[in-house]
Amino acid sequence: MTYESFSVDIEDHVAHIVLTRPEKRNSMIPAFWRDLPRIVEDIDANARARAIVVSSTGPHFCAGMDLASFGGGGVQDQATARTARIRHGASFYDGALHMQRSLSCLEACRIPVLAAVQGGCIGGGVDMVSACDMRYATEDAYFTIFEINIGMTAEVGTFPRLCKLIPEGIVRELAYTGRRMSAAEAKEVGLVNRVYADQSAMLEGVLELAREIASKPPLAVYGCKRMINYARDHTTADGLDYIAIWNASFLQGTEMQEAMLANQQNRPGEFVDLPKKRSAR
C-alpha cells in the first residue's frame, strides 16, 4: 500500500516507517493524521513486526502541522461569520481529539517504537516523538515547542508526555519561549537516549537496536512496555500489584526456557509472535 506521507518496510521483524515529504520538511498534512494510526495499528494488530522505527527524510525530521492544509475559505457575511464562530470551538475540539488519537497509537501499540530524529523536530514533531518509547538524534537535531510563536498552546500530546520525560522547569522554559533545544541538551536532560554524528550512523545504530529488541521474547517485551506505561501513570503500589497480576496471567514457562537455552547455546531464540488482535482476524 502507498501513503502520501510515509513509506513502510518490514525486515528482520522490524517495521521501518519513514516520513517521505522532505520538500515540505515532512509537515503534517491531513493524510498524515489519517495514515499513521492505520499503519501502526495494522503492524500491531497483525503482528507484522516486533519493533518499529520511525525516521524521516531530508534535512529536517518534521516541521509540525501544515497549517495551510487545514485552512478554510473566507467569510462572506455576518450570518456566515456567526455560524463559523459557533461551530469553530466544537470543530476544533473534535479535530484536536482526532490528532491526539493519531499519535497515541505509538504509545498504545504492543511493540516498542523508536524515533530517529535529524534536523528540526518542531511543534507536532515533538508531540509525535514524545509518544514513542525511545528517541535518538543526530548532532544537528533540535527540538522546538513552536506553538507559542504562532499564538497557540500545544495540544496534541507534548505537555502530558514531555512533563514525564524531562524536568518540568525545562518543559516550561521550552513552552514559554519556543526556543530550540539542541540534541546535546536533549540528551543531557534525558529526552534522547543517544546522539549520533549523522543520519546514516543514527539509522544504522537505531535499526540495530530495534533488531536486538526484536530478538527478545515478544510477549515479555509487550509486558515491559505495558508495565512501564502503567507505572508512569500510577502509584508504586498500583504498579507492583499490576505486574504481579500480569505475570500470573501471562508468564510463559516455555518462552523463559527457550530464552535461557538460547543464551546458553549462544544462538537466536525461537520465540512465538504475539497473537493477532481479534479485530484483525
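**Note on the predicted model: salt bridges, sheet and surface**

1. Lys 277 is partly exposed, with a relative accessible area of 33%. The structure is a predicted model, and the values in this note are to be read with that in mind. The side chain of Lys 277 meets that of Asp 44 in a salt bridge, with a distance of 3.0 Å from N to O. This pair links distant parts of the chain, as Lys 277 belongs to the segment after helix 10 (253–264) while Asp 44 is in helix 1, 233 residues apart. Asp 44, in contrast to its partner, counts as buried, at 4% relative accessibility. The two labels differ because buried means under 20% relative accessible area, whereas partly exposed residues fall between that limit and 50%.

2. How many salt bridges are counted in the model? The count comes to 16. One of them joins Arg 232 to Glu 107, whose closest N and O atoms are 2.9 Å apart. Arg 232 lies in helix 8 (residues 218–233) and Glu 107 in helix 2 (residues 78–108), so this pair ties together parts that are 125 residues apart in sequence. Arg 232 is partly exposed at 34% relative accessibility. Glu 107 has a relative accessible area of 19% and is buried; the student should note that the limit for this label is under 20%.

3. A further salt bridge is formed by the side chains of Glu 173 and Arg 179, at 2.6 Å from N to O. Are these two residues buried or partly exposed? Glu 173 is partly exposed, with a relative accessible area of 36%, and Arg 179 also counts as partly exposed, at 25%. Elsewhere, salt bridges that share partners join Glu 107, Arg 161, Lys 164, Arg 232 and Asp 233 into one network. The pair of Arg 232 and Glu 107 described above therefore has both its members in this network.

4. The next topic is the sheet. It is open and consists of 6 strands in the order 1-2-3-4-6-9, with mixed pairing. Strand 1 (6–11) and strand 9 (194–196) stand at the edges; each has a single partner strand, so one side of each is left without a neighbour in the sheet. On average, neighbouring strands of the sheet are turned by 20 degrees against each other, direction ignored.

5. Strand 1 and strand 2 (residues 14–19) run antiparallel and are joined by 6 bridges. Phe 6 stands opposite Leu 19 in strand 2. Helix 1 (residues 30–45) packs on the sheet and touches strand 1, strand 2 and strand 3 (51–55). The direction of helix 1 makes about 10 degrees with that of strand 1. This is the helix that holds Asp 44, the salt-bridge partner in point 1.

6. Which residue in strand 2 is the bridge partner of Glu 11? The partner is Val 14. Strands 1 and 2 form a hairpin with 2 residues between them, and Asp 12, in the turn, has a positive phi of about 55 degrees.

7. Further along the sheet order, strand 3 and strand 4 run parallel and are joined by 3 bridges. Ile 52 has Val 113 in strand 4 as its bridge partner. Strand 4 also pairs with strand 6 (residues 134–138) in the parallel sense, over 4 bridges; here Val 117 stands opposite Ala 137 in strand 6.

8. Strand 4 (residues 113–117) is mostly covered, with 5 of its 5 residues buried. Val 113, Ala 115 and Val 117 point one way from the strand, and Leu 114 and Ala 116 point the other way; all are buried.

9. Thr 144 has its place in strand 7. With a relative accessible area of 3%, Thr 144 is buried. Its contacts, leaving aside neighbours within four places in sequence, are Cys 121, Ile 122, Gly 123, Val 126, Gly 178, Arg 179 and Arg 180. Among them is Arg 179, the salt-bridge partner of Glu 173 in point 3.

10. Finally, the surface. Leu 67, Phe 146 and Ile 150 make a nonpolar surface patch of about 260 Å². Where does Ile 150 lie? Ile 150 is in the loop between strand 7 (142–144) and helix 4 (158–162). Ile 150 is partly exposed, with a relative accessible area of 43%.

Terms used. Residues numbered from 1 in each chain as written. Predicted model: local features only at pLDDT ≥ 70, side-chain atom pairs only at ≥ 80, totals over all residues. Heavy atoms only, no water. Pairing = 2+ DSSP bridges. Axes fitted to C-alpha atoms, helices over the stretch in contact; angles between N-to-C directions. Contact = heavy atoms within 4.5 Å. Patch = residues over 30% accessible without salt bridge, like charges linked within 9 Å, V, L, I, M, F, W, Y side chains within 5 Å. Areas by Shrake-Rupley, 256 points an atom, 1.4 Å probe, with all protein chains shown as cover. Salt bridge = Lys/Arg side-chain N within 4 Å of Asp/Glu carboxyl O. Buried < 20%, exposed > 50% of the residue type's maximum accessible area, 1.4 Å probe, protein only.
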